[in-house]
Amino acid sequence: MALFDKFTKLAQERAALGQSGLNPFGTRIDEILSPTLGRIGDREVVLAGTNNYLGLTFDPGCIQAGQQALALEGTGTTGSRMANGSYGSHIALEAELAEFMQRQSVIVYSTGYLANLGVIGTLAGPSDIVLLDADCHASIYDACRLGGAQVIRFRHNDAKDLERRMLRLREQARSALIVVEGIYSMLGDRAPLAEIVEVKRRLGGYLLVDEAHSVGVLGPNGRGLAEELGVEGDVDIVLGTFSKSLGAIGGFAASRHADMELLRYASRPYIFTASSSPASIASVRAALRAVQNQPELRDRLWSNARHLYQELNALGYRTGPEPSPVVAVLLGSPHEGMAFWQRLIELGVYVNLVLPPATPGGQALVRCSVSAAHSSEQIDRIIQAFAHLRDCLPRTAAAGDDLVRTGGLA
Ligand code: PMP
């Protein structure tokens with residue numbers, strides 16, 4: 001069997017879906033006009049398929065900081081921090097993040113994906129157990145593979161199931177690593193962190209929360225779900241990314257365990273890849289200041305998110321279980337999902353299409369992401385497009401009968 005033959009089935013499936021012209025897994029956005037507006041072909045679209053929660057990608061302060069770093073420090077670091085040295089700005093960002101997150105140690109990685117690989121994949125080796133929520137992000141699964149950890153999945157957002165599995169582990173539970181996310185990227189639901197913390201308090205273990213979608217989004221100061229629920233003291237490690245609310249690229253791990261610093265000498269995804277470009281680091285530092293100085297961005301994000309969630313529910317769509325900047329709309333088969341996604345683009349709205357097996361529950365879904373930078377007119381445009389499809393697409397509407405809301409996800 002030739003090396004590429006194993007992909008034939010995948011290629012056929014993708015080709016069948018892509019016959020209509022637009023490719024949902026390789027969409028070309030020809031022009032980025034603002035954080036919330038783009039052009040696909042000759043059509044202007046509202047961008048609602050990003051993770052640009054605070055809309056900071058076009059923030060003048062972030063752009064200026066990035067441009068200045070580009071001019072002063074060049075286009076790239078051209079090497080890893082271990083081998084080639086750290087730029088002062090990388091170290092300054094780590095100190096600023098440590099202060100913001102109120103944690104002693106912060107390590108910046110080149111992406112959030114690498115932060116998960118670097119932390120989980122290094123801490124949890126073959127003799128360690130990782131208990132992870134079944135809906136955790138691929139980077140968390142990959143991290144477990146990298147380290148060779150023993151993986152035990154518990155049912156999504158089910159603290160009782162976590163407890164049952166920990167009880168079976170007896171003494172071993174005390175050193176196991178529990179991994180959950182602040183906001184889950186597909187349905188926009190939050191971890192039941194208070195319940196999970198309660199299990200951890202009784203049975204032991206270490207708790208890592210991936211707050212990729214919740215830093216800058218949740219908590220009075222934007223530190224994430226743990227802050228929102230007042231349980232930061234029980235979270236051993238927080239993972240974050242710069243690619244969402246902070247509008248750039250990179251990731252970080254933050255902890256109160258001083259020993260976290262040792263990961264710099266053992267974490268392959270830290271050691272064997274180049275560090276982030278100076279422009280990215282500088283724009284993240286400016287974005288972090290915006291998160292702290294402009295709480296109104298979070299207010300606007302939530303007001304937009306609640307409005308979109310309520311209106312799509314009122315239209316009869318089946319959405320994720322709670323209001324969130326990620327508003328998932330569950331559809332039927334992959335073909336129905338594809339047709340729906342395409343019609344949305346024709347109506348000037350760009351969202352993400354997600355197909356099984358990447359979707360919880362095995363249904364196609366479209367994922368709308370809301371931004372503080374969406375104007376109320378833009379949110380209305382999104383709602384109108386969904387309303388139009390509800391009324392005008394008999395095929396999708398018929399499929400919609402089994403997607404009409406039944407009170408959230410089972
Ligand atoms: N963790 C979660 C929960 C994510 O959703 C993502 C990205 N979608 C990542 C980690 C990876 O982040 P990055 O894009 O910075 O690699």
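**View 1. Residues 393-410, a low-confidence stretch of the predicted model.** Over residues 393-410, pLDDT (the predictor's confidence in each residue, from 0 to 100) stays under 50. For this stretch the model has 30 contacts (heavy atoms within 4.5 Å) beyond four places in sequence. The chain has a mean pLDDT of 93, and 94% of its residues reach 70 or more. This is a predicted model, in which local features need pLDDT of at least 70 and side-chain atom pairs count only at pLDDT 80 or more, while totals for chains, interfaces and linings use all residues. Residues are numbered from 1 along each chain as its sequence is written, and side-chain values use heavy atoms, with hydrogens and water left out.

**View 2. Glutamate 31 in strand β1.** Glutamate 31 lies in strand β1 (residues 31-32); helices (H or I, at least four residues) and strands (E, at least two) are DSSP runs, numbered from the N terminus. Its relative accessibility is 34%, so glutamate 31 counts as partly exposed (buried means under 20% relative accessible area, exposed over 50%, partly exposed in between, with a 1.4 Å probe and protein chains only). Leaving aside residues up to four places away in sequence, glutamate 31 touches Gly38 and Arg39. Aspartate 42 is 11 residues apart from glutamate 31 along the chain, and their C-alpha atoms are separated by 10.0 Å.

**View 3. Helix α4 and its buried residues.** Helix α4 (residues 88-101) has 14 residues, which at 1.5 Å a residue should span 20 Å; its end C-alpha atoms are 20 Å apart, in agreement. The expected span is 1.5 Å times one less than the number of residues. Buried in α4 are Ser89, His90, Leu93, Glu94, Leu97, Ala98, Phe100 and Met101. The partners of the buried residues of α4 include α2 (60-73), β4 (105-109) and α11. Glutamine 102, just after α4, takes a positive phi of about 55°.

**View 4. The crossing of helices α11 and α12.** The axes of α11 (residues 278-293) and α12 (residues 295-314) come within 5 Å and cross at roughly 75°. Axes are lines fitted to C-alpha atoms, for helices over the stretch in contact, and angles run from 0 to 180 degrees between N-to-C directions. The two helices are therefore roughly perpendicular to each other (65 to 115 degrees). Ala290, Val291, Gln292 and Asn293 in α11 meet Pro295, Glu296, Leu297 and Arg298 in α12.

**View 5. Helix α13 and the glycine after it.** In α13 (residues 334-346), the buried residues are Gly337, Met338, Phe340, Trp341, Gln342, Leu344 and Ile345. Glycine 348, just after α13, takes a positive phi of about 85°.

Conventions
Angles under 35 degrees count as roughly parallel, over 145 as roughly antiparallel, 65 to 115 as roughly perpendicular and the rest as oblique.
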